[in-house]
Amino acid sequence: MLTDGLHTIYLDSRPVRNPQTKVPLSIPPSKPHLATAIALEWDLLTSAQQALRAHLIPLTSIASRAHDLAMQDAATASSNQASESTAVHQSRTIRDDIIMTLIPYLDTDTILCWAPPTPKEADPTTTVVPSLRDLQARVAEPILSYLTTNIWPGVQLNPSLDEGSIFPTQQPRQTKDIIRGWMTGLNAWELVGLERAVLAGKSLCVGARLLCEWGESFADVRKALGSGSHHGIQRFGIEDAAQACSLEVMWQTGRWGEVEDTHDVDKEDLRSQFGSAVLVASGTTQA
């Protein structure tokens, strides 16, 4: 239901509230799909006690975090306008915490950690073709190319592991500064969506690529690039992101098989997490 121009979800006559602030959870008017999905999420609960379990209301949880961040951003902007001295003494914000959490993922990014190359002396009769490293490079290249061409022009992203090393290679300081600045400019809903995607897939690059494909703020970028199945750039969806982040697991289970109730559960959970990130970042302003 639209209330004062915002979507509000009602349980009978009571609005769903933000678990942290206890105020009614408001969803931007351009996100009717998210509001509908949250309503369905509550419809599936069978008792009031289930509402206390965050894993049963993941969309409510992520929307509440974005709602908190949006309110804090608005308060910070008002504070900065009202008093410069107040801004100087501000404590660390939710936005600061998210960015500080996500930046280190660049040094251990899933699609930048490649398997060692196959030794030249390896027995060709036991060597798997294509190798895991070949598959990783094949999947990573279009993602990295898209980001360094269209989103972070000129940014240098290096493989995290040198040949024979077990310690990750630090990304250049300039790369981190540029990406930190890019995240600072994201709106609350897109930054929280990015956070969910990165924490799920352990990849800032995959999270950023997914956000650029579905985030409302990037509609003009997609339109300019002609992103779509009938254009030069293919859509990047939940399945693409999940496969990119779990390529090594897929390669290993393809050879040795899955562990029941482990690999299959992780597979579905990863797609669920990416799906919630897409819902919270996307909206009706799409190209």
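In the predicted model, Lys-31 has a relative accessibility of 4% and therefore counts as buried, since this value falls under the 20% cut-off. The side chain of Lys-31 meets that of Glu-216 in a salt bridge, with an N to O distance of 3.2 Å. This pair links distant parts of the chain, as Lys-31 belongs to the loop between strand E5 (26-27) and helix H1 (32-43), whereas Glu-216 belongs to the loop between H8 and helix H9 (219-225), 185 residues apart. Glu-216 is likewise buried, because its relative accessible area is 15%, and the bridge is thus formed between two residues that both count as buried.

The count of salt bridges in the model comes to nine. Among them is the pair of Arg-95 and Asp-73, in which the closest N and O atoms are 2.6 Å apart. Arg-95 is located in helix H4 (residues 94-102) and Asp-73 in helix H2 (residues 58-82), so that the pair ties together parts of the chain lying 22 residues apart in sequence. With a relative accessible area of 11%, Arg-95 is buried, while Asp-73, with a relative accessible area of 24%, is partly exposed. A further salt bridge joins the side chains of Lys-267 and Glu-258, with an N to O distance of 3.1 Å. In this case Lys-267 counts as partly exposed at 35% relative accessibility, and Glu-258 counts as partly exposed at 43%. In addition to these pairs, Arg-209, Glu-213 and Arg-235 are linked in a network of salt bridges.

With respect to internal space, the model contains one cavity of 30 Å³ or more, and the volume of the largest cavity is about 50 Å³. The elements that give two or more residues to its lining are helix H7 (188-201), helix H8 (204-214) and helix H12 (263-281). Of these, H8 gives the most, with four residues. The full lining consists of Gly-193, Leu-194, Ala-197, Gly-207, Leu-210, Leu-211, Trp-214, Ala-277, Val-278 and Ala-281. By class, eight of the lining residues are nonpolar and two are polar, and no charged residue is found in the lining of this cavity.

Key:
Residues numbered from 1 in each chain as written. Predicted model: local features only at pLDDT ≥ 70, side-chain atom pairs only at ≥ 80, totals over all residues. Heavy atoms only, no water. 1 Å grid on protein atoms, 1.4 Å probe; cavity = no way out; pocket = protein on both sides within 12 Å on 5 of 7 lines; lining within 4 Å. Points joined across faces, edges and corners; volume = space filled by probe spheres on them. Nonpolar A, V, L, I, M, F, W, Y, C, P; charged D, E, K, R; others polar. Salt bridge = Lys/Arg side-chain N within 4 Å of Asp/Glu carboxyl O. Buried < 20%, exposed > 50% of the residue type's maximum accessible area, 1.4 Å probe, protein only.
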